[in-house]
Amino acid sequence: MYYELFLRSFADGNGDGIGDLQGATEKLDYISALGMEGIWLLPIMSSPSYHGYTVTDFYNVNPIYGDIKDLRLFLAEAHKRDLKVILDLPLNHTSTNHEWFLRALNGERPYSDWYLWLEDESWLKARRPWDKQKVWTPIGSTFYYSLFGPGSPDLNYDSESLWHECRNILTFWLSLGFDGFRFDAAKHIFDFSKKIGNCEYQHDRNIAFWSDMTSHSRKINPEAIFVSEVWDDWETVEKYSSTFGIGFNFPLSYVIKEAIEGRSVQKFIDGFRGTMPHYFTDNRSFESGVFLTNHDMTRLVTNMNGNQNQAIFALSMLMSVPGIPFVFYGEELGMEGVYNELFNEEQLEPFPWYESGFGPGQTEWKAVDKNRPGMGRSYEKQSKSNESFLSRFRKTLLFRKERPWLRWAKVDNIYEKSGCLCLELTQGTRRISFIYNLSDSAKNLCIEKTIHTLAGSATTTDNGINLKAWSCAVIE
Ligand code: ACG
């Protein structure tokens with residue numbers, strides 16, 4: 001189970017109100033106590049942006065987060081707690097302030113080959129596949145290709161020397177002690193076709209690139225961990241996953257949230273079969289990185305319209321399916337926030353350590369709106385109650401931590417029974433069953449076996465159990 005950590009919002013070590021490596025190091029016991037086996041660290045390289053996905057130096061830590069020494073300490077302390085750390089690496093583009101781009105603008109080789117420049121006016125008609133945004137940005141007398149907006153000129157991987165540079169970047173961070181990478185925008189390495197003068201995903205070329213980069217990395221660390229970010233339908237996600245070993249299962253995150261919203265057992269069954277086919281067999285060439293939300297999405301409790309019981313129920317589903325679960329920082333406190341891009345980014349608000357909103361280590365880099373002081377959302381307040389959302393969330397996480405074998409489990413059966421969803425998993429001699437009531441009313445089920453609950457509650461009846469609304473029963 002991994003914790004998705006946004007340094008800037010997490011914990012401040014030097015009193016400047018901006019989260020940093022020193023602050024995060026001081027909170028590693030907190031992350032470990034959640035039952036985590038690892039951390040996905042959002043980009044920490046030098047960058048002019050708050051999100052860090054537009055890099056100005058691939059070989060350095062953003063000075064506001066600390067320096068290489070702070071990073072080495074963070075990694076050493078994480079490893080002392082058996083926490084792996086994977087680094088989010090955005091290789092698809094750079095910042096416009098990267099030295100490479102500035103030297104490219106001066107016509108210096110090889111840098112001018114490392115970006116894509118307009119060669120034909122007809123290319124200007126190209127639009128981003130998912131939201132039809134323009135993809136060419138004017139500069140001087142030319143245009144550069146920038147899929148993620150004017151601040152992020154795409155790198156041109158037709159250039160061999162750029163592949164060589166990427167291998168050096170991977171070597172650098174692995175040699176510092178990272179256990180692997182989350183590769184950003186993995187399907188976008190080759191996503192503009194000069195032949196058709198428009199955006200076109202060239203999946204085979206993308207996979208050839210990533211195969212080269214992951215093989216290079218495995219020469220440095222044979223145990224290196226790679227997670228691919230391919231935000232697409234299942235067929236596309238599956239295409240990439242075996243090259244990396246772990247593929248984020250975006251489609252499953254929608255299946256869980258939409259089945260809950262629609263209170264539909266059948267929707268879950270159909271969706272689960274369609275997005276986890278590799279877990280219905282024993283032989284699989286990759287694992288799914290399973291999750292409910294990430295930094296590009298609306299937060300869990302907000303997605304559930306503030307219904308904390310449904311949020312814990314959704315988490316119980318995540319904690320019971322095979323694969324490697326990822327949890328976005330702050331979800332454990334029930335933090336709220338609607339996703340919006342480059343506006344107020346309310347899904348990235350400071351982690352509220354104190355109920356007053358202030359105290360040693362509290363980050364204050366941006367105003368908070370959805371997670372204000374005095375709302376009872378803070379760690380300080382919730383850690384004092386066994387009934388708090390945090391306590392319920394942590395209990396659910398620890399259920400998973402105590403059953404690491406679920407990662408590799410095989411799905412034996414998934415079916416509907418008395419209006420509930422039933423999931424049966426096995427792994428070797430182990431077997432476990434989950435019964436989910438994804439409805440607003442209690443359900444009676446004829447079950448002889450003893451159960452315990454992972455979410456909500458149940459009572460025993462003469463011939464079985466009465467499973468309350470938004471509850472999950474476990475037989476093991
Ligand atoms: C990554 C990072 C993100 C970062 C960048 C750029 C990339 O997580 O934080 O932005 O470095 C696309 C890309 C992803 C990208 C997101 C933001 N995420 O593929 O790599 O945009 C559709 C498309 C997807 C698209 C998604 C966006 O298919 O390609 O993701 O929409 O919403 C169903 C469909 C599925 C569809 C979804 C949603 O599931 O099957 O295909 O996905 O519905 O409609 C960072 C900052 C940004 C900044 C940028 C420069 O976060 O704010 O602008 O850097």
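Me: In this predicted model, at what angle do helix α12 and helix α14 pack, and how far apart are their axes?

Reply: Helix α12, which covers residues 308-318, packs against helix α14, residues 389-401, at an angle of about 10°, and their axes are 9 Å apart. Because angles under 35 degrees count as roughly parallel, α12 is roughly parallel to α14.

Me: Which residues in α12 meet which residues in α14?

Reply: A contact here requires heavy atoms within 4.5 Å. On the α12 side the residues are Q308, N309, A311, I312, L315, S316 and L318, and in α14 they meet F389, R392, F393, T396, L397 and R400. By character, the residues of this contact between α12 and α14 divide into 7 nonpolar, 4 polar and 2 charged.

Me: How many residues surround the ligand, and which are the closest?

Reply: The ligand is surrounded by 21 residues, of which D184, H188, E229, D296 and E341 are the closest.

Me: How should I read polar contacts to the ligand, and what are the distances for D184, H188 and W231?

Reply: A polar contact is a pair of N or O atoms within 3.5 Å. A side-chain N or O atom of D184 is 2.8 Å from an oxygen atom of the ligand, while for the side chain of H188 the corresponding distance to a ligand oxygen is 2.6 Å. With W231 the atom concerned is a backbone N or O, which lies 3.2 Å from an oxygen atom of the ligand. Taken alone, the ligand exposes 930 Å², and the protein buries 80% of that area.

Me: Where in the backbone are P110 and K132, and what is the peptide bond between R109 and P110?

Reply: P110 lies in the loop between α5 (99-105) and β6 (136-139), and a cis peptide bond with omega of about -5° joins R109 to P110. K132 also has its place in the loop between α5 and β6, and the phi of K132, a residue other than glycine, has a positive value near 60°.

How values were computed:
Residues are numbered from 1 along each chain as its sequence is written. This is a predicted model: local features need pLDDT of at least 70, side-chain atom pairs count only at pLDDT 80 or more; totals for chains, interfaces and linings use all residues. Side-chain values use heavy atoms; hydrogens and water are left out. Axes are lines fitted to C-alpha atoms, for helices over the stretch in contact, and angles run from 0 to 180 degrees between N-to-C directions. Helices (H or I, at least four residues) and strands (E, at least two) are DSSP runs, numbered from the N terminus. Angles under 35 degrees count as roughly parallel, over 145 as roughly antiparallel, 65 to 115 as roughly perpendicular and the rest as oblique. Ala, Val, Leu, Ile, Met, Phe, Trp, Tyr, Cys and Pro count as nonpolar, Asp, Glu, Lys and Arg as charged, and the others, Gly among them, as polar. A residue is near a molecule or strand if one of its heavy atoms lies within 4 Å of it. A polar contact is a pair of N or O atoms within 3.5 Å; within protein, one must be able to donate a hydrogen and the other to accept it, and residues adjacent in sequence count only if both atoms are side-chain atoms. Accessible areas come from the Shrake-Rupley method with a 1.4 Å probe; for residues, only the protein chains shown count as cover.
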